Amino acid sequence: MIHPLSDDKTYYTEPYRPQFHFSSPTGNLADPNGLVYYEGEYHLFHQKNGTWAHAISSDLLHWNHMPIALEHDELGQALSGSVVVDEEDSSGLFEGKAGLVALYTNTEGGEAQSIAYSQDNGRTWERYGENPVIQNPGIKDFRDPKVFWHNETSQWVMVVSTDKSVTFYQSQNLIYWKYASRFGDGEGSHVAVWECPDLFRLPVDGNTENEKWVLHVSVGDNEETNGSTAQYFIGEFDGTTFTNDHDPEEVLITDYGQDFYAAQTFSNTENDKVIWLGWMANWRYPYQSPTNPWMGAMSIPRELSLVTNDQGEVRLFQQPIHWLDDLSAKQEPLQTFHVSGEKALPLKVSGTTYRYEATVRWDELTEFGVRLRHGDGMESLIGFDAAYDKLFLDRTNAGLETIVDRHGEPFPFGRRYETDYRASRGELKLTALVDESSIELFINDGELVFTSLIYTDPTNDGIEWYADGGTIHVSDSTFTYFHNVWRQPVEEGAFERLVTNVNQARLKVGEYLPLSAAHKPDYEEASGETLSWKSLDSNIVDIRNETDEGVVIKALNEGVTEIVVTNESQGLEKTIRLFITK
């Protein structure tokens, strides 16, 4: 598949717009649906106001937006679900050929399960004439069917959310289903409804003679976890019943950040790789982010494995897909360095869309951390508190402190998230994926993962290390700048655009405001570039002095005006609109 990149240098450049994560051009994005690989194409469907929006990719990074696949119909909305390849035409819908079958939740008269099918590689879809294929059993929450073929019993299996449990159904033809079993009563976390279940098999430590099943569910908005979360179970599945290997009260958390929900695996992948992605959002504030004209993005696709950790426990590991390497625009290997004492160590690299990898070792230590997207008094902090054995991702000072949640109430968006990690281990490897409005942190090749949205100034691009109570030794440190996945790359030595720390601001007469600007893309050297700043009405706003980062302005009189920053040699210009009141 060819992925045409836009020649429009403004395409997908709105404030906070992800540059290498998937987001829809406009409107709401929610749960990933129907993830499937078929005839060389990855299909990503996702919730969009009760419809299935659609995009197609050959590499899980560059996407072609397609028309809506499933609209509302007489049975109501098309909520979350899955897509399978009916290779042998078990459904009888494809005249003996292969085709795609979508199983989703309809809403009219109560949640029930319906199907649609495509005979043209997912381009168009037709509803089955006798939907729903599974009627509502008399409960409120009955949704999000995930379907797969179970080889050992030669049948299709569905796992579907049923309140704070999941229920299994079986079928020979994807149309007629029978009840098999239920799992969840007294198992794991029950702080909120279970949603978007998934069930898949993985070898333990790569040993195909020792495989386990992973049952994953997202857990809805609740007070105990200050929003939604996700959990998984490891055990056995015989085609009818899932058996948890762990104590029923043990809760295995999928992601220790705030913003990874409704994760689903791709079906029919090459070489049986298990790859998933999740909705980078939270049900406490699903459509309240300060973005326009879109709302919501997907995580980076992640390859999954089961690994025995240093405590002898089998756990789910997640690593970014290797195709990310193909986005590399420039790579900066850094020499081994040491950090200690009160003085922070800023790195000579900077940016807003990149991957940063490093291995950290220590003997005696109180705390260390890395300040990402650092600047203008803001930072997103990742680090380790050795005194309390806690890994953390802290967006308290990242920029946006409070957000209005889905109930219309203020919610403390700026928070610290943490999990246990023993200081006695003496080292950790970190990989941070940073985009314009997100950080995904992978510890020790995905042993622990944090996913977090951030909303900070576009010019905050610094990185610096600190260490308290000891010395850290940082090695294998590599900084990789990423190309964007939506626009044509610029010629070497050229720039695409300017960004400023604010796009508009409101000031009172007499107030001062520092303004700064940066060139994009980050990987081009901008130290020799010259910027000119101009007030379009110096009676309203005056430029008082220049700084290393930009200028400082003062509001003089009431009115509306603009500050224009220009790089004449590159033909670049950016305007900041200012509203001045008494």
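Let me start with strand E8 and its neighbour E9, which covers residues 126–127: the two run antiparallel and are joined by two bridges, and within that pairing Tyr117 stands opposite Glu126 in E9. Please keep in mind throughout that this is a predicted model.

E8 also has a second partner to look at, namely strand E7, residues 99–106, and here the pairing is again in the antiparallel sense, this time over seven bridges. If you want one pair of residues to find on the screen, take Leu103, whose bridge partner in E8 is Ile115. E7 and E8 together form a hairpin, with five residues between the two strands, and in that turn Gly109 has a positive phi of about 80°.

Now, is E8 buried or exposed? With the cut-off for burial set at under 20% relative accessible area, seven of the seven residues of this strand, which spans 112–118, count as buried, and the strand is therefore largely enclosed by the rest of the structure. The burial applies to both faces: on one side we have Ala112, Ser114, Ala116 and Ser118, and on the other Gln113, Ile115 and Tyr117, all of them buried. So two residues I have already mentioned come back here, because Ile115, the partner of Leu103, and Tyr117, which stands opposite Glu126, both belong to this buried strand.

Let me move to another part of the chain, where an open sheet of four strands is found, in the order E2-E3-E4-E5 and with antiparallel pairing. Strand E2, at 32–38, and strand E5, at 64–70, stand at the edges with a single partner strand each, which means that one side of each is left without a neighbour in the sheet. On average, and with direction ignored, neighbouring strands of this sheet are turned by 25° against each other. The pairing of E5 is with strand E4, residues 51–57, through four bridges in an antiparallel arrangement, and there Ala55 stands opposite His65 in E5.

Finally, the annotation, which I take from UniProt and which comes from an unreviewed entry. The record lists "domain: Glycosyl hydrolase family 32 N-terminal" at residues 21–320, and in the model that span is 0% helix and 52% strand, with its end C-alpha atoms 12 Å apart. It places "domain: Glycosyl hydrolase family 32 C-terminal" at residues 330–478, where the chain is 0% helix and 58% strand, and where the end C-alpha atoms lie 11 Å apart.

Definitions and conventions:
Residues are numbered from 1 along each chain as its sequence is written. This is a predicted model: local features need pLDDT of at least 70, side-chain atom pairs count only at pLDDT 80 or more; totals for chains, interfaces and linings use all residues. Side-chain values use heavy atoms; hydrogens and water are left out. Buried means under 20% relative accessible area, exposed over 50%, partly exposed in between (1.4 Å probe, protein chains only). Two strands pair if DSSP finds at least two bridges between them. Axes are lines fitted to C-alpha atoms, for helices over the stretch in contact, and angles run from 0 to 180 degrees between N-to-C directions. UniProt positions are given in the numbering used here, feature names are shortened, and annotations may be inferred rather than shown by experiment.
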